[in-house]
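Here is a briefing on a multichain protein model. Please look over the sequence and the structure before reading on.

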There are 4 protein chains.
Amino acid sequence: MRCGVWLIGARGSVATSAVVGAAALASGAIEATGCVTEQAPFRPLRLPGFGELVFGGHDVADTPLAIRAERLVRSGVIPHGLTGTDAVARMLAVTDAAVRPGIDAGADPAASQADLADRLIADIEGFRAGNDLADVVVIDVSSTEPPLRPHPAHAALDDLEAALRGGEPILPPSSLYTYAALRAGCPVIGFTPSTGIRVPALTELARQAALPYAGCDGKTGETLVKAALAPMFAGRSLRVRSWSGTNLLGGGDGETLADPAAAASKIESKRLVHEQVLGYPVSGDVHIHNVPDLGEWKTAWDNIGFEGFFGARMTMQFTWQGCDSALAAPLVLDLARLAIAARQRGLAGPLTDLAFFFKDPIGTDEHGLAAQYGALLSFADRLAAR
Amino acid sequence: MRCGVWLIGARGSVATSAVVGAAALASGAIEATGCVTEQAPFRPLRLPGFGELVFGGHDVADTPLAIRAERLVRSGVIPHGLTGTDAVARMLAVTDAAVRPGIDAGADPAASQADLADRLIADIEGFRAGNDLADVVVIDVSSTEPPLRPHPAHAALDDLEAALRGGEPILPPSSLYTYAALRAGCPVIGFTPSTGIRVPALTELARQAALPYAGCDGKTGETLVKAALAPMFAGRSLRVRSWSGTNLLGGGDGETLADPAAAASKIESKRLVHEQVLGYPVSGDVHIHNVPDLGEWKTAWDNIGFEGFFGARMTMQFTWQGCDSALAAPLVLDLARLAIAARQRGLAGPLTDLAFFFKDPIGTDEHGLAAQYGALLSFADRLAAR
Amino acid sequence: MRCGVWLIGARGSVATSAVVGAAALASGAIEATGCVTEQAPFRPLRLPGFGELVFGGHDVADTPLAIRAERLVRSGVIPHGLTGTDAVARMLAVTDAAVRPGIDAGADPAASQADLADRLIADIEGFRAGNDLADVVVIDVSSTEPPLRPHPAHAALDDLEAALRGGEPILPPSSLYTYAALRAGCPVIGFTPSTGIRVPALTELARQAALPYAGCDGKTGETLVKAALAPMFAGRSLRVRSWSGTNLLGGGDGETLADPAAAASKIESKRLVHEQVLGYPVSGDVHIHNVPDLGEWKTAWDNIGFEGFFGARMTMQFTWQGCDSALAAPLVLDLARLAIAARQRGLAGPLTDLAFFFKDPIGTDEHGLAAQYGALLSFADRLAAR
Amino acid sequence: MRCGVWLIGARGSVATSAVVGAAALASGAIEATGCVTEQAPFRPLRLPGFGELVFGGHDVADTPLAIRAERLVRSGVIPHGLTGTDAVARMLAVTDAAVRPGIDAGADPAASQADLADRLIADIEGFRAGNDLADVVVIDVSSTEPPLRPHPAHAALDDLEAALRGGEPILPPSSLYTYAALRAGCPVIGFTPSTGIRVPALTELARQAALPYAGCDGKTGETLVKAALAPMFAGRSLRVRSWSGTNLLGGGDGETLADPAAAASKIESKRLVHEQVLGYPVSGDVHIHNVPDLGEWKTAWDNIGFEGFFGARMTMQFTWQGCDSALAAPLVLDLARLAIAARQRGLAGPLTDLAFFFKDPIGTDEHGLAAQYGALLSFADRLAAR
């Protein structure tokens with residue numbers, strides 16, 4: 001049974017990697033390294049196969065996916081030769097044809113956000129009908145937005161819908177896409193730190209529509225390691241005195257996050273982890289620096305000052321040199337499969353048991369990685385039992 | 001109710017730090033940073049207070065504890081001023097008087113190991129009687145021995161005891177101390193990688209005597225971090241391709257472990273962790289290098305090569321700059337308290353739920369840190385309920 | 001022959017360390033580790049002995065030096081016991097009595113900068129006369145100021161002096177101190193990135209007064225390493241593609257530099273090094289982050305991406321965990337001695353051969369460390385020959 | 001004017017990279033990144049062009065160079081597409097045809113070393129004649145040998161030649177190749193730590209033959225950085241207390257050096273640098289560990305403990321993640337060009353001014369990188385002037 005994956009930011013590196021990866025996995029050209037849902041405990045769930053996923057999405061850019069894929073080959077993310085295989089080339093072409101223009105503030109100044117939403121909904125419904133899909137999940141993998149500017153109409157769905165019809169844009173793009181997704185009956189996943197569903201009126205809509213959702217901000221590097229290490233310090237009663245994180249990002253991500261407004265969202269979700277786990281405030285901050293030359297790669301350095309018996313001061317440092325898209329893409333596939341499975345089994349509301357995937361999990365304060373993994377496994381058990 | 005802690009290697013840095021620390025904690029001069037058993041979940045256990053612990057032990061060295069403590073002050077482990085307080089000075093003097101000569105191969109060539117064991121048993125029993133102690137736990141914090149040379153008499157207690165009466169030494173010191181401890185009715189803890197209780201005849205004796213025991217090799221640095229990180233790679237299906245560890249040690253520890261025979265024990269227990277958690281063999285080794293200038297401090301560097309989606313190669317590195325004694329001493333106090341509590345509640349055999357403390361936990365294959373911590377907490381619950 | 005060292009920021013950590021260190025060196029209590037001018041090639045110069053240095057200075061703070069010194073003991077900069085020696089205690093008391101109030105914008109709003117300068121000059125001349133000193137060198141070791149706001153009166157000495165008599169403050173404090181120092185006939189050293197002498201009217205004054213000067217911004221950590229490494233990449237024709245630096249600072253330094261305006265000065269001088277040596281622009285920036293818990297210690301991490309044959313991408317990283325005051329103080333003593341020697345031999349103008357000590361050396365574009373060291377040694381030769 | 005480059009180990013990664021690189025440079029397909037002799041100061045020397053170099057050599061392996069080159073493409077050393085260009089493919093084929101069997105202890109047990117040398121000499125002379133080459137330089141880029149076992153016949157050329165005719169092998173392969181090279185009138189370069197020319201009888205032969213030579217052990221990673229950093233500590237009078245180096249090597253290099261006997265040569269030459277520059281002994285050692293998964297890549301970590309003013313203890317660490325062949329190959333081309341130029345200008349004996357390229361430079365104790373670079377530049381000046 002084929003399922004749809006509608007990607008916001010469908011022409012970006014993460015989306016392109018997910019699309020190429022799904023085709024490569026389905027054709028047996030690559031292994032499922034980095035895919036959580038291919039582990040043994042998920043087998044009883046009978047999740048959609050990689051070959052059953054159909055991709056489409058919105059994007060403001062119009063670079064063909066085949067060209068985006070070639071760039072990822074040159075950056076060393078996708079191996080040479082892979083994009084030339086029939087399976088992958090066909091998948092890129094089919095997906096390319098299914099990408100619709102995203103919301104571009106400048107392009108259509110006269111339209112209300114309600115008009116825009118109608119167009120987005122029609123795009124998704126067209127994709128579903130055209131491909132004869134039972135379920136479509138919408139996943140935001142686009143660039144990070146600045147934090148939400150509050151508006152009274154965010155509080156209730158009725159007020160929001162009235163306001164959307166006005167001339168003023170009151171939802172940021174991530175939330176407007178989410179609105180459209182929910183109206184189109186799709187579960188939604190926020191893989192970025194952007195606001196998305198985190199507007200009361202939208203969670204109200206999800207509740208009405210009985211749709212599951214999860215987010216936010218995929219945990220693929222520094223924060224993943226923090227989530228593994230912070231419980232170690234806590235469990236051993238070692239007092240963390242300072243935790244300073246520096247993230248060097250290249251590519252578009254680095255550029256977006258060089259804007260302090262956009263970075264603010266991300267830094268907040270990265271910072272949560274250790275203070276939540278430790279339960280006390282800690283000196284030091286998380287910083288994001290743009291280093292264009294790094295391209296698809298990112299390097300993080302964390303310096304952790306801690307105190308042991310007798311107040312002895314000690315230090316732990318780590319560096320993480322990762323390939324962002326290669327870390328994120330398999331998680332996007334995991335989340336697509338899990339969200340569809342949750343929808344098919346009738347789950348609704350925040351899927352807090354997916355916290356393992358997110359820097360700032362919606363609906364839960366659990367930031368310890370092992371506890372999150374345990375929750376994910378029991379989620380799989382419960383789902384399999386339904 | 002006062003309890004005894006009998007330390008094998010009672011004049012070493014870890015023992016001295018534990019003794020000073022217990023007195024400093026009891027008098028409120030320091031906080032319980034690094035003590036696991038002071039966390040809230042352990043309160044219902046009503047463990048012995050730090051002021052209720054009485055220390056003694058065996059050592060082949062005869063440097064007074066006060067001098068050892070001063071060296072630790074100069075090395076920056078123990079803060080200036082602490083050893084001059086009444087509580088600490090008194091504790092050092094009392095403990096010093098309670099230390100008995102350890103087994104010195106050269107000192108008494110005519111004695112059989114049975115004779116030596118009798119002397120060790122008498123020492124422990126004298127300590128217990130002299131201090132009117134209900135329980136005494138024996139903890140090995142002495143230098144690492146080479147791996148055990150097998151002997152047929154290790155298989156059964158009767159054979160072992162017969163062989164001990166012969167002229168040939170057939171047990172390494174750590175195991176002879178363990179034999180004496182069990183015969184003296186004490187729970188035993190192996191905080192080093194030395195053989196200790198891991199001889200079938202000795203586990204038989206522990207079973208007969210219905211005594212609890214745990215080990216081996218306290219997990220205080222590089223391996224602690226490995227135990228936190230390896231499950232992260234496993235949970236995310238990231239394939240670890242190489243894991244290389246370098247440990248720079250100073251002090252006596254570095255010197256002992258510069259001997260490849262002694263290092264072999266330690267390296268084996270350090271190596272277990274990631275391969276056990278990951279479930280497949282990994283390129284790279286653990287190395288221990290002696291850097292005398294480091295003194296009480298140790299620095300570890302681990303370089304982890306891993307593979308993600310598309311086979312993309314990534315790297316994580318960490319360094320750990322720790323103060324060995326300040327990391328180990330509070331765990332020695334934790335283990336003393338837990339072993340005594342286990343004994344008082346009638347537990348016997350391997351305390352596998354103490355794996356959280358050890359590099360190579362006896363009786364369990366669980367090497368993931370969070371799982372070990374979970375086991376420790378439920379151990380505390382179960383113990384409290386008895 | 002006694003010489004005066006007048007410190008701007010005389011109650012700060014660097015000044016306190018320099019004062020304590022000079023007394024400790026003179027009394028033989030410590031070795032001259034970190035003092036460049038104690039190396040063999042400087043012996044023929046017959047520089048002033050450490051015991052011949054007399055200290056005084058300006059500061060806006062009034063914490064007694066003895067208390068500042070105690071804080072440095074508690075931070076682990078100055079060893080326990082040293083401040084209690086007669087030589088050091090006496091030196092701290094004598095210097096304390098010689099510190100005069102610094103320029104405090106809020107304290108005396110009515111005074112013109114010319115009035116303030118007159119007071120500063122009188123302070124320095126009083127110090128010289130009171131101690132019967134042939135030479136006094138003025139060294140700025142105070143907090144970093146924001147970059148200079150240009151003013152037309154900066155262009156020529158006459159205009160400047162006219163403007164100083166007006167109501168408007170037109171010189172930043174570092175430059176007003178410099179003006180006073182030059183007017184008092186003293187060589188000046190800018191150990192911070194603040195403007196100091198880098199105002200055309202002030203270099204005109206130095207020329208008129210035939211006084212030597214040097215600066216700016218002592219090179220004690222990350223930039224020192226950069227100056228050693230950048231020529232390695234250049235010499236080997238390895239193309240540096242990105243060089244990202246992160247500096248974690250505690251104490252007052254971290255706080256001052258958490259202000260982006262103040263940090264701007266410092267970042268600019270830190271950034272110069274590698275681009276000047278390499279001769280082409282490089283991706284990445286230098287960042288300074290405040291981590292109060294680090295206290296007197298600083299940790300820098302640099303990540304250098306470079307390219308070799310076949311365009312192969314490689315990476316070098318370094319971390320530097322240094323004690324700021326212990327690195328800076330001996331250089332302050334070196335610079336005091338060298339500036340006095342230069343003055344005594346009649347040198348005037350920028351001492352470009354002291355570039356070895358500075359991040360942003362005045363009067364030269366040489367940023368390679370070995371070349372700077374070579375220049376310093378031949379400076380010593382030339383000076384000895386005069 | 002075409003010149004010959006005869007490589008010992010002609011089918012290894014370094015040799016293959018040098019051959020591919022020379023063709024790629026000559027055809028303009030790559031830039032000269034990593035080539036020292038393409039810097040401006042070397043232009044007046046009019047060194048042989050990359051297109052004028054003709055390659056051949058000895059090797060015990062018989063894997064075709066084209067296959068070795070493909071492996072380097074798959075390892076990410078040589079870019080995709082490069083080996084398929086006409087220029088490179090032709091160069092690989094031509095060189096492949098010019099490689100002769102190396103000395104294989106097992107292959108021809110009856111032959112004396114004199115017989116073997118005759119065959120080697122004939123190979124080189126055949127290469128020279130067949131390609132009509134004025135000059136041929138012989139460069140050893142083969143695997144590292146164990147340290148030399150001394151033999152009385154090493155002391156003088158006559159004795160050596162007599163002994164070579166005996167049944168006993170008395171020269172290690174690297175020295176037998178060197179003997180043959182000198183007899184064939186070729187300058188020799190030892191790019192490995194193997195003995196090579198460092199036998200008195202062989203330097204006597206070089207003197208007789210008036211041939212220049214240089215070595216040993218190309219400086220491409222950890223030691224390069226050490227040579228840049230050690231003078232920094234020395235110049236600043238910072239006392240280095242420990243310097244511990246760990247080198248993780250993959251590929252054949254790692255395997256060879258996992259043999260402690262072979263590693264001994266390399267470790268000795270790596271260790272020299274900092275102690276020679278600093279002038280005093282330092283705690284810690286250099287270690288080489290085999291991590292097969294690293295392939296052509298190597299990662300080094302150095303931990304440097306140093307002391308500043310007041311005896312304050314500080315730490316610097318660096319990691320170097322390099323691609324061995326991409327670092328070594330351009331230096332092989334540099335050395336070939338410089339040795340040929342030296343020969344053509346009539347220089348003989350040890351070229352000590354090439355120390356910049358070597359870990360353990362023959363004929364000089366200068367280990368500071370900047371001083372070595374200065375010597376190289378003045379060597380170029382002097383050579384240009386001849």
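The notes below cover two chain interfaces, then strand pairing and burial.

The model is predicted. Chain B and chain A bury about 4,300 Å² between them. Chain A and chain C bury about 1,800 Å² between them. The rule finds 0 salt bridges across the interface of chain B and chain A, whereas the count between chain A and chain C is 4.

**Interface of chain B and chain A**

- The contact involves 57 residues of chain B and 57 residues of chain A.
- Of the buried area, 67% lies on carbon and sulfur atoms.
- On the chain B side, R236(B), F309(B) and F310(B) lose the most area to chain A. Together they account for 24% of what that side buries.
- No salt bridge is found here: the count is 0. There are, however, 20 residue pairs in polar contact, both residues being at pLDDT 80 or more.
- Helices that give two or more residues to the chain B side are α1 (13-26), α8 (222-235), α11 (324-344) and α12 (369-385) of chain B. The strands that do so are β9 (297-307) and β10 (313-323) of chain B.
- β10(B) provides the largest share of that side, 11 residues.
- By residue class, the chain B side has 38 nonpolar, 14 polar and 5 charged residues.

**Strand pairing between chain A and chain B**

- Which strand of chain A pairs with β10(B)? Strand β10 (residues 313-323) of chain A does, in the antiparallel sense.
- This pairing runs over 7 bridges.
- One position to look at is T315(A), which stands opposite Q321(B) in β10(B).

**Interface of chain A and chain C**

- Here 22 residues of chain A meet 22 residues of chain C.
- Carbon and sulfur atoms carry 50% of the buried area.
- H289(A), D293(A) and W301(A) supply 32% of the area that chain A buries against chain C. That is more than any other three residues supply.
- There are 4 salt bridges between chain A and chain C. D293(A) forms a salt bridge with R241(C). The closest N and O atoms of that pair are 2.6 Å apart.
- Polar contact links 10 residue pairs across this interface, again with both residues at pLDDT 80 or more.
- Two or more residues of the chain A side come from each of β7 (239-249), β8 (286-290), β9 (297-307) and β10 of chain A.
- The chain A side divides into 4 nonpolar, 14 polar and 4 charged residues.

**The open sheet of chain B**

- In chain B, 7 strands form an open sheet with parallel pairing.
- The strand order is β3-β2-β1-β4-β5-β6-β11.
- The edge strands are β3 (99-101) and β11 (349-350) of chain B, each pairing on one side only.
- At the β3 edge, strand β2 (residues 53-59) of chain B pairs with β3(B) in the parallel sense over 3 bridges. H58(B) stands opposite R100(B) in β3(B).

**The open sheet of chain C**

- Chain C has an open sheet of 7 strands, in the order β3-β2-β1-β4-β5-β6-β11. Its pairing is parallel.
- β3 (99-101) and β11 (349-350) of chain C are the edge strands, and each pairs on one side only.
- At the β11 edge, strand β6 (residues 212-215) of chain C and β11(C) pair in the parallel sense over 2 bridges. P212(C) stands opposite G349(C) in β11(C).

**A histidine in a loop of chain C**

- H154(C) sits in the loop between β4 (136-140) and α5 (157-164) of chain C.
- Is H154(C) buried or exposed? H154(C) counts as buried because its relative accessibility is 4%, and the cut-off for buried is under 20%.
- Beyond its neighbours within four places in sequence, H154(C) is in contact with L148(C), R149(C), L160(C), I170(C), L171(C), V199(C), P200(C) and A201(C).

**An enclosed strand in chain D**

- Strand β8 (residues 286-290) of chain D has 4 of its 5 residues buried, so it is largely enclosed by the rest of the structure.
- Strand β7 (residues 239-249) of chain D pairs with β8(D) in the parallel sense, over 5 bridges.
- Within β8(D), H289(D) is the bridge partner of L248(D).

Terms used
Residues numbered from 1 in each chain as written. Chains lettered and ligands numbered in written order. Predicted model: local features only at pLDDT ≥ 70, side-chain atom pairs only at ≥ 80, totals over all residues. Heavy atoms only, no water. Contact = heavy atoms within 4.5 Å. Buried area = accessible area lost by both parts, 1.4 Å probe. Salt bridge = Lys/Arg side-chain N within 4 Å of Asp/Glu carboxyl O. Polar contact = N/O pair within 3.5 Å; in protein donor to acceptor, adjacent residues only side chain to side chain. Nonpolar A, V, L, I, M, F, W, Y, C, P; charged D, E, K, R; others polar. Pairing = 2+ DSSP bridges. Buried < 20%, exposed > 50% of the residue type's maximum accessible area, 1.4 Å probe, protein only.
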